[in-house]
Amino acid sequence: MKYKHLFGPILSRRLGMSLGVDLVPAKICNLDCVYCECGRTTDKTIALDTYTDPDQIIAELDDLLGGTPPQIDIITFTGSGEPTLNIGLGKIEKFLRDKYPQYNLGILTNSGLLTNPEVRQNLLGFDYVLPSLDAMFEDSFIRVNNPVDGQKCDDIIEGIRSFAKEYKGIMWVEVFILPGVNDTPEELAAFKTFFEKVRPTRIQINSMDRPGTCTWVQAPPMERLIEIESFFKPLPVEIISRKAKEIDFAKSSQIDTEHCIDALFRRPLTPEDMCVSYSCSINEIDAVMDHLISAGRVEKIRTGNRFFYRVTELEKKKRGL
Ligand code: SF4
């Protein structure tokens with residue numbers, strides 16, 4: 001079967017090996033963000049509809065997952081527009097939960113429809129929900145996200161607030177920083193106050209690192225992102241832009257990998273545990289662990305709602321265990 005609505009699996013640094021599910025055709029979205037990597041929104045709408053027939057998506061998933069099981073950590077609902085616009089989202093999620101419960105489910109959303117209780121209900125069964133929040137004020141919201149008529153910044157804020165009260169899974173909120181637009185002291189303070197109340201599992205700071213829709217959009221210097229990260233602390237926050245990963249990779253050589261292995265021999269550790277032990281960021285730990293995973297010495301496993309690192313059987317054999 002040729003798949004029109006599935007892509008990958010691709011290795012996502014945040015979610016592991018991910019099979020992508022595209023729920024809406026390009027480019028249907030309630031926003032037209034200046035940083036969008038999928039191009040300009042051609043159909044700007046907030047109407048729920050069957051943009052792609054859910055039965056077609058289910059048939060593709062069933063064909064792929066029912067054959068030789070793919071080596072994936074997660075099935076991620078995302079794609080070329082806003083996935084929550086597809087009214088069949090809940091049906092697809094239920095199908096996967098019933099027939100393929102062994103897979104983690106994740107979804108990326110721009111949060112614009114989270115004020116709708118039906119949409120929130122559809123997302124409650126996901127293991128990972130990654131909502132975006134790029135502004136706390138209406139004027140910066142318009143400049144960054146260029147919304148459909150009637151969509152307000154407060155919809156996004158209130159939608160995330162309501163969802164956080166109901167959701168029991170892992171929620172990583174992404175904030176895309178546009179220097180001079182949404183990083184004023186007032187707006188950063190408003191973000192922080194909001195996050196202190198909502199308490200997402202993580203705040204992920206992102207920035208432009210490849211060409212977006214608008215050429216005027218520039219990436220902030222890394223020092224600025226680090227300042228913002230520090231400002232949000234002690235909330236759980238990390239920088240996720242690619243540039244940060246390159247820098248973190250260089251810094252990660254400062255972490256003693258043999259010391260990490262020794263610690264993992266004693267017990268599996270979450271990335272967060274390791275950040276505390278080594279006084280470093282999630283990105284730095286992930287960079288070191290990626291290196292050890294490639295060398296076959298460490299593996300990443302999921303238990304319940306959490307990822308853990310542990311040593312491999314091969315590494316144990318090397319130590320005669
Ligand atoms: S919400 Fe996502 S898909 Fe829609 S315009 Fe923004 S970045 Fe692109």
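Asn-146 lies in the loop between α4 and α5, and that is a good place to begin a tour of this predicted model. Helices and strands here are DSSP runs numbered from the N terminus, with H or I and at least four residues for a helix, and E and at least two for a strand. Residues are numbered from 1 along each chain as its sequence is written. Because the model is predicted, local features need pLDDT of at least 70 and side-chain atom pairs count only at pLDDT 80 or more, while totals for chains, interfaces and linings use all residues; side-chain values use heavy atoms, with hydrogens and water left out.

**Unusual backbone spots**

Asn-146 is not a glycine, yet its phi is positive, about 45°. At 25% relative accessibility, Asn-146 counts as partly exposed. That term covers what lies between buried (under 20% relative accessible area) and exposed (over 50%), using a 1.4 Å probe and protein chains only. Ser-111, also not a glycine, has a positive phi of about 75°. Ser-111 sits in the loop between β6 and α3 and is buried, with a relative accessible area of 0%.

Two cis peptide bonds are worth a visit as well. One runs from Ala-26 to Lys-27, with omega near -10°, and Lys-27 belongs to the loop between β2 (16-22) and β3 (28-29). Another joins Lys-233 and Pro-234, with omega about 10°; Pro-234 is in the loop between α7 (222-232) and β10 (237-239).

**Around the ligand**

Lys-27 turns up again among the residues around the ligand, together with Cys-29, Leu-31, Asp-32, Cys-33, Tyr-35, Cys-36, Thr-41, Gly-81 and Asn-110. To be listed, a residue needs a heavy atom within 4 Å of the molecule. This shell divides into 5 nonpolar, 3 polar and 2 charged residues. Ala, Val, Leu, Ile, Met, Phe, Trp, Tyr, Cys and Pro count as nonpolar, Asp, Glu, Lys and Arg as charged, and the others, Gly among them, as polar.

**Helices**

The expected span of a helix is 1.5 Å times one less than its number of residues. Here are two helices set against that rule.

| Helix | Residues | Expected span | Distance between end C-alpha atoms |
|---|---|---|---|
| α5 | 153-166 (14 residues) | 20 Å | 21 Å |
| α11 | 282-294 (13 residues) | 18 Å | 18 Å |

Which residues of α5 are buried? They are Cys-153, Ile-156, Ile-157, Gly-159, Ile-160 and Phe-163. Seen down the axis of α5, these buried residues fall within an arc of 165°, so they line one face of the helix; the arc is that of the directions from the helix axis to the C-beta atoms. An α-helix has 3.6 residues a turn, so residues three or four places apart point the same way. The cover over the buried residues of α5 includes α3 (117-123), β7 (128-131), α4 (138-145), β8 (170-176) and α6 (185-198), where contact means heavy atoms within 4.5 Å.

In α2 (residues 89-99), the buried residues are Leu-89, Gly-90, Ile-92, Glu-93, Phe-95 and Leu-96. Their cover includes α1 (54-66), β5 (74-78), β6 (104-109) and α3. As for α11, Ile-282 and Leu-292 are among its buried residues, and the helix is followed by Gly-296, whose phi is positive, near 75°.

**The whole protein**

Stepping back, the protein has 12 helices and 12 strands. Of its 321 residues, 53% count as buried. Its C-alpha atoms fill a box of roughly 65 × 50 × 35 Å, taken along the principal axes.
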